[in-house]
2 protein chains.
Amino acid sequence: MAQSSRKINMADVARAAGVSMATASRALNNDYGVAEATRRRVLAVAEELSYVVSPEASRLAGGATGRVAVVVPHISRWFFATLLEGLESVLRAADLDVLLYHVDGIEDRHDFFHRLPARRKVDAVVVLAFPVGEEEQRRLELMGVTIVAAGGQHAPYPNVCIDDETAARQAMDHLLFLGHRRIAMIAAVDPDQPDEVQPSGRSNAYYAALRDAGIPVDEQLVETVNWGGTKGADAMAKLLSLREPPTAVYAHSDEVALGAVRTLRRAGLRIPEDVSVIGIDDHPVAELTDLTTVRQPVREQGELAGRMLLRILRGEETEHDVVVPTQLVIRGSTAPPRS
Amino acid sequence: MAQSSRKINMADVARAAGVSMATASRALNNDYGVAEATRRRVLAVAEELSYVVSPEASRLAGGATGRVAVVVPHISRWFFATLLEGLESVLRAADLDVLLYHVDGIEDRHDFFHRLPARRKVDAVVVLAFPVGEEEQRRLELMGVTIVAAGGQHAPYPNVCIDDETAARQAMDHLLFLGHRRIAMIAAVDPDQPDEVQPSGRSNAYYAALRDAGIPVDEQLVETVNWGGTKGADAMAKLLSLREPPTAVYAHSDEVALGAVRTLRRAGLRIPEDVSVIGIDDHPVAELTDLTTVRQPVREQGELAGRMLLRILRGEETEHDVVVPTQLVIRGSTAPPRS
DNA sequence: GACTGTTTCGGAAGCGTTTCCGTTGCCGAA
DNA sequence: TTCGGCAACGGAAACGCTTCCGAAACAGTC
């Protein structure tokens with residue numbers, strides 16, 4: 001019997017399970033009003049026939065799409081990719097499909113927010129690792145879908161993130177505790193994000209820590225660069241050209257810190273004997289390069305956001321803001337200052 | 001007249017333009033068989049009513065889904081994420097949506113090919129950065145959609161990749177040229193991939209290069225580890241415990257190479273004076289750590305795969321296999337052996 | 001035993017397109 | 001004048017689901 005190969009639909013499943021389409025639909029969607037035995041039978045048949053509902057038809061008829069959009073910048077960078085990885089894993093476990101929207105640069109970003117609302121392609125959107133501007137918020141509202149954020153800072157949506165200020169403070173306090181008083185900061189800004197939404201907790205903490213330690217701020221010790229390691233290297237070079245260079249460097253991220261390390265090494269300086277370096281994130285290469293840093297649980301943030309979304313989608317209550325803890329990881333790039 | 005606010009559909013447009021739905025549809029889709037004047041009228045009306053076709057309905061009725069599935073392991077690793085980034089950018093520019101399927105581990109992988117969660121949801125699937133087993137190929141066929149591969153090795157589908165053997169050979173030849181004769185290899189295997197599909201070009205080249213140089217193989221100098229940097233560190237430790245340690249180390253990837261570097265540094269050895277280290281990939285951190293390596297254009301591979309797919313989807317001819325070139329990047333981790 | 005309430009389930013009406021088949025109208029050729 | 005051919009267009013059947021509404025079955029209550 002070489003028939004088949006025809007595309008099977010819900011009617012086939014219903015027939016095979018000996019129920020009506022209505023019941024089949026309810027069973028497949030885990031809807032209310034289906035006897036447990038019936039549901040199981042339908043599910044079994046569906047599995048057997050390796051049937052999947054057509055999202056188009058489902059959506060057309062008024063159901064959910066089973067899709068969620070994930071908006072994320074800079075996928076190729078560890079932090080963002082890892083966040084995505086965590087999120088994807090829980091979403092997919094829940095049988096939701098992930099629509100990936102990579103937005104690098106203001107332009108992309110604008111484009112995304114401008115056109116997504118037109119098409120109702122998803123049940124929800126997750127904004128990963130960047131703050132959402134006001135205009136953009138308005139566009140999102142317009143879609144009328146669930147929204148969740150993660151990895152960025154305080155968002156107007158259910159959100160999971162770290163406390164940047166605390167994390168930064170942990171780094172600074174470690175340096176201070178070691179006895180450093182001349183501490184430089186290499187701040188990183190994302191050139192692809194509008195200035196107004198740049199989170200600044202990591203900078204604030206620098207000043208706060210210094211103030212609390214009674215150390216006057218020397219603005220020469222503060223460098224601001226675009227994200228990315230090579231920029232960190234340049235900044236370090238500038239710092240080394242000061243009459244009185246720092247004994248320790250606090251970088252906004254491990255990548256930037258690594259850039260600084262390169263410059264220091266090339267200058268023949270030893271780490272940590274001559275200069276201490278600390279980063280934030282606990283990027284995998286931090287472990288490989290013996291870099292002291294402040295760890296943030298990245299994958300977990302993605303996972304938590306995913307679970308949060310699931311709960312909301314199910315109509316359950318959920319906390320609005322989740323802040324995950326960070327932790328100082330001491331490796332070989334920090335030590336007390338010489339003398 | 002506060003009527004309206006009802007969602008307008010193609011029927012409304014057709015009516016307003018004084019044509020049938022059939023004609024409206026054809027006009028909107030730029031199909032054949034519509035008088036120019038009519039088409040313009042329909043388009044004008046649609047614009048006026050700010051009407052957009054419902055993608056769901058459109059697809060239900062027989063159009064393409066406008067989506068493509070991307071299957072990729074280890075997103076959080078630079079190589080995979082970058083490939084994805086390149087692919088996504090061209091796909092999205094072509095107005096295709098990307099459905100992300102992350103498969104880490106045999107299990108995930110099996111699950112994906114077994115359940116084929118993407119079936120009926122996409123027009124094509126792109127397999128990123130891993131070889132597809134025979135059984136898996138059979139499952140994929142089952143979806144009856146276009147398939148393209150990238151970043152893995154020789155695939156039975158249209159494919160873009162580097163020539164692993166050539167790349168590895170470039171690394172080895174560099175070491176050989178510098179005068180090294182005692183060269184170790186730290187080979188990396190992916191524990192998440194079935195053995196049968198592990199590409200081995202990077203290993204083959206080691207033996208071939210040695211043979212061509214007339215250097216006998218010392219199996220003690222070959223270490224095989226799982227992907228990931230810390231494993232590279234362990235392997236290096238083993239290598240250093242040999243009676244006659246290598247003067248140079250060729251690692252299958254930059255990450256593994258970095259692991260080796262850490263061990264060497266901890267042992268107080270200088271790079272490259274005491275030991276040379278070379279990797280493959282040109283991972284961003286290679287630049288930050290002054291690591292000599294063989295660059296492969298990763299983002300481009302993703303982009304090329306995307307364009308290839310686009311061409312196929314449009315029914316155009318396209319080359320079946322694209323091999324992109326690799327290139328030696330000399331930095332500070334390699335030098336002639338001492339004395 | 002009649003009645004009410006609760007589950008479980010089926011019929012069938014959409015949802016908004018595309019596309020298969022025709023039909024109509026017009027032009028030039030015979 | 002008739003007719004074949006062709007471009008332009010219309011009717012209506014899918015497409016595959018969700019959900020409203022009502023029927024049936026059954027349990028519990030007085």
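**Two protein chains, two DNA strands**

In chain B, B:Arg15 and B:Asp12 lie about one helical turn apart, because they are three residues apart in helix H1 (residues 10-17). Their side chains meet in a salt bridge, with N and O at 3.4 Å. Over all chains, the structure holds 55 salt bridges. Everything here comes from a predicted model.

Start with the layout of chain A. The domain assignment splits chain A into domain 1 (10-53), domain 2 (67-161 + 298-323) and domain 3 (164-296). Domain 2 is thus assigned in two pieces of chain A, 67-161 and 298-323.

Now look at how domain 2 of chain A meets domain 3 of chain A. Their C-alpha centres are 29 Å apart. The contact involves 16 residues of domain 2 and 15 residues of domain 3. Together the two domains bury about 1300 Å², with 55% of that area on carbon and sulfur atoms. On the domain 2 side, A:Arg77, A:Trp78 and A:Gln153 lose the most area to domain 3. Together they account for 39% of what that side buries. Zero salt bridges are counted between domain 2 and domain 3 of chain A. Three residue pairs are in polar contact across this interface. Helix H5 (78-93), helix H6 (105-115) and helix H13 (298-313) of chain A each supply at least two residues of the domain 2 side. H6(A) has the largest share, at three residues. By class, that side has eight nonpolar, five polar and three charged residues.

Next comes the interface of chain B and chain A. Chain B contributes 47 residues to the contact and chain A contributes 52. The two chains bury about 4400 Å² between them, and 53% of this lies on carbon and sulfur atoms. On the chain B side, B:Glu56, B:Arg120 and B:Leu288 supply 17% of the buried area, more than any other three residues. How many salt bridges are counted between chain B and chain A? The count is seven. In one salt bridge, A:Asp95 pairs with B:Arg115, and their closest N and O atoms are 3.0 Å apart. The polar contacts across the interface of chain B and chain A number 20 residue pairs.

Which elements of chain B build its side of the interface? Those giving at least two residues each include helix H4 (55-60), strand E2 (97-102), helix H10 (229-240) and helix H12 (284-288). H5(B) gives the most, with seven residues. The chain B side divides into 16 nonpolar, 10 polar and 21 charged residues.

Turn to the DNA, beginning with strand D. DNA strand D is surrounded by 28 residues. The closest are A:Met10, A:Ser25, A:Tyr51, B:Ser20 and B:Thr38. Of the strand D atoms within 4 Å of the protein, sugar and phosphate make up 67%. Some phosphate contacts can be named. A polar backbone atom of A:Met10 is 2.3 Å from a phosphate oxygen of DNA strand D. A:Asn29 places a polar side-chain atom 2.8 Å from a phosphate oxygen of this strand. From chain B, an N or O atom in the side chain of B:Thr23 is 2.8 Å from a phosphate oxygen of DNA strand D. Helix H2 (21-28) and helix H4 (55-60) of chain A, together with helix H2 (21-28) of chain B, give two or more residues to the surface near strand D. H2(A) gives the most, with four residues. This surface holds 14 nonpolar, 12 polar and two charged residues.

DNA strand C also has 28 residues around it. Here the closest are A:Thr38, B:Met10, B:Ser25, B:Tyr51 and B:Ala61. Sugar or phosphate accounts for 62% of the strand C atoms within 4 Å of the protein, and bases for the rest. A side-chain N or O atom of B:Ser25 is 2.3 Å from a phosphate oxygen of DNA strand C. A backbone N or O atom of A:Ala35 is 2.7 Å from a phosphate oxygen of DNA strand C. A:Ala61 has a base as partner: one of its backbone N or O atoms lies 3.4 Å from a base oxygen of DNA strand C. H2 of chain A, with H2 and H4 of chain B, each supply at least two residues of the surface near strand C. The largest share, four residues, comes from H2(B). By class, the surface near DNA strand C has 16 nonpolar, 10 polar and two charged residues.

Definitions and conventions. Residues are numbered from 1 along each chain as its sequence is written. Chains are lettered from A and ligands numbered from 1 in the order in which they are written. This is a predicted model: local features need pLDDT of at least 70, side-chain atom pairs count only at pLDDT 80 or more; totals for chains, interfaces and linings use all residues. Side-chain values use heavy atoms; hydrogens and water are left out. Domain bounds come from an automatic or database domain assignment. Contact means heavy atoms within 4.5 Å. Buried area is the accessible area (1.4 Å probe) that two parts lose on being put together, summed over both. A salt bridge is a side-chain nitrogen of Lys or Arg within 4 Å of a carboxyl oxygen of Asp or Glu. A polar contact is a pair of N or O atoms within 3.5 Å; within protein, one must be able to donate a hydrogen and the other to accept it, and residues adjacent in sequence count only if both atoms are side-chain atoms. Ala, Val, Leu, Ile, Met, Phe, Trp, Tyr, Cys and Pro count as nonpolar, Asp, Glu, Lys and Arg as charged, and the others, Gly among them, as polar. A residue is near a molecule or strand if one of its heavy atoms lies within 4 Å of it.
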